[in-house]
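Q: Hi! I have a new model open and would like a quick tour before lunch. Could you walk me through it?

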Protein chains: 2
Amino acid sequence: MPDTLDDKELAAALKALANPARVRILGWLKEPETFPPQLEPATEVGVCLKHIQARAGVSQSTASQYMADLHAAGLVTSTRIGQWTHYRRDEAQIRRLAEHIRLAL
Amino acid sequence: MPDTLDDKELAAALKALANPARVRILGWLKEPETFPPQLEPATEVGVCLKHIQARAGVSQSTASQYMADLHAAGLVTSTRIGQWTHYRRDEAQIRRLAEHIRLAL
DNA sequence: TCGTTATATCGGGAATTACCGATTTAAGTA
DNA sequence: TACTTAAATCGGTAATTCCCGATATAACGA
């Protein structure tokens, strides 16, 4: 992911955020420890999809797609460990995007 | 427009911005004086739709819809004077939204 | 009043998004 | 190997968005 965003990348990121469910998930990930326990520590590797899905109350495929969208927008990292994919906020990228939005506005 | 934004209002605003053309227009409106002359001073009342449409290179109806979207999102004000509707950035609201996005992220 | 200009709104086709269930892939475990 | 669990991907329907041309409205000017 480059340091600068062009029009389309910015639009893609904003589109990912233009969905209450995805923004909500991003907010939840600020407190990974509030999710049910998992083998790997959520504060380190992130929260596994199952737990995100459960809290969001959507289907498995929808949850997976949501996270893929957020990942494509560069807002979360994904770490596969064993059978689990863990999602964690990419704080640096989020700050970068926030700054970009601030400037674009 | 209230001082706080709920999930849906935030989503609506982000959706309005999730379109390069609309973001571009919002950027142009930072320099109203770079548009062709018009009867009313653009720096005061804003830029008339015609000029926005011309620069954007879209149809009249599309330009009108773009501005209605930005207006609905609270990002611009519209001032009708005679046959012209002038659009101007609502800086206070834009700052408010930017801050909201920063916090939501 | 009639004609013109500026804008808004209507109606629609194409493209995209939202979300789902079904299936596939990947990894663990017996 | 076969069974189970986790996640990704596929295929599809409904809803939404994009952008247009056509039409309606509003305001001006002759």
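Q: Sure, but before we talk about the two protein chains touching, what counts as two residues being in contact?
A: Two residues are in contact if their C-beta atoms, placed from the backbone, lie within 7 Å. Also keep in mind that this is a predicted model.

Q: Good to know. With that cut-off, how many residues of chain B are in contact with chain A?
A: On the chain B side there are 17 residues, and they are in contact with 16 residues of chain A.

Q: And which elements of chain B give two or more residues to that side?
A: Those are α1 (7-17), α2 (20-28) and α6 (91-104) of chain B. The largest share comes from α1(B), with six residues.

Q: What's the mix of residue classes there?
A: The side of chain B that touches chain A has 12 nonpolar residues, four charged and one polar.

Q: How do you lay chain B on chain A?
A: A turn of 180° with a shift of 0.0 Å along the axis does it, and the RMSD is 0.0 Å. That is the relation of a two-fold axis. The same surface serves both copies, as 94% of the contact residues of chain B recur in chain A.

Q: Nice. Let's zoom in on one chain, then. What is chain A built from?
A: Chain A has six helices and three strands. Starting at the N terminus, the order of elements is α-α-α-β-α-α-β-β-α.

Q: Why call chain A as compact as a globular protein of that length?
A: Its radius of gyration is 14 Å, close to the 13 Å that the globule rule gives for 105 residues, so chain A is as compact as a globular protein of that length. Along the principal axes, the C-alpha atoms of chain A fill a box of roughly 40 × 25 × 20 Å.

Q: How much of chain A is buried?
A: Buried residues make up 32% of the 105 residues in chain A. As for contacts in chain A with a separation of 6 or more, 53% come from residues 24 or more positions apart.

Q: Now the strands. In what order do they sit in the chain A sheet?
A: The order is β1-β3-β2 in an open sheet of three strands, with antiparallel pairing. At the edges are β1 (47-48) and β2 (76-81) of chain A, each pairing on one side only.

Q: How many bridges hold β2(A) and β3(A) together?
A: Six bridges, in the antiparallel sense. If you want a place to look, T77(A) stands opposite R88(A) in β3(A).

Q: And what about the sheet in chain B?
A: There you find an open sheet of three strands in the order β1-β3-β2, again paired antiparallel. β1 (47-48) and β2 (76-81) of chain B are at the edges with a single partner strand each, so one side of each is left without a neighbour in the sheet.

Q: Which residues face each other across β2(B) and β3(B)?
A: I81(B) stands opposite W84(B), and R80(B) stands opposite T85(B). Six bridges join these two antiparallel strands. In their hairpin, two residues lie between the strands, and G82(B) takes a positive phi near 60°.

Q: Okay, on to the DNA. Who comes nearest to strand C?
A: Of the 24 residues around DNA strand C, the nearest are S61(A), T62(A), C48(B), K50(B) and S61(B).

Q: So which elements supply at least two residues there?
A: From chain A it's α5 (60-72), and from chain B it's α4 (49-56), α5 (60-72) and β3 (84-89). The largest share, six residues, comes from α5(B). By class, the surface near DNA strand C has 15 polar, seven nonpolar and two charged residues.

Q: And which residues are closest to DNA strand D?
A: C48(A), K50(A), S61(A), S61(B) and T62(B) are the closest of the 23 residues that surround DNA strand D. The elements giving two or more residues to that surface are α4 (49-56), α5 and β3 (84-89) of chain A, together with α5 of chain B.

Q: Which element gives the most to it?
A: That's α5(A), with six residues. The classes near DNA strand D are 14 polar, seven nonpolar and two charged.

Note on methods: Residues numbered from 1 in each chain as written. Chains lettered and ligands numbered in written order. Predicted model: local features only at pLDDT ≥ 70, side-chain atom pairs only at ≥ 80, totals over all residues. Near = placed C-beta within 6 Å. Helix = DSSP H or I, 4+ residues; strand = E, 2+ residues; numbered from the N terminus. Nonpolar A, V, L, I, M, F, W, Y, C, P; charged D, E, K, R; others polar. Pairing = 2+ DSSP bridges. Least-squares fit on C-alpha atoms with pLDDT ≥ 70 in both. Rg over C-alpha atoms; globule rule 2.2 N^0.38 Å. Buried ≥ 20, exposed ≤ 12 C-beta atoms within 10 Å, placed from the backbone.
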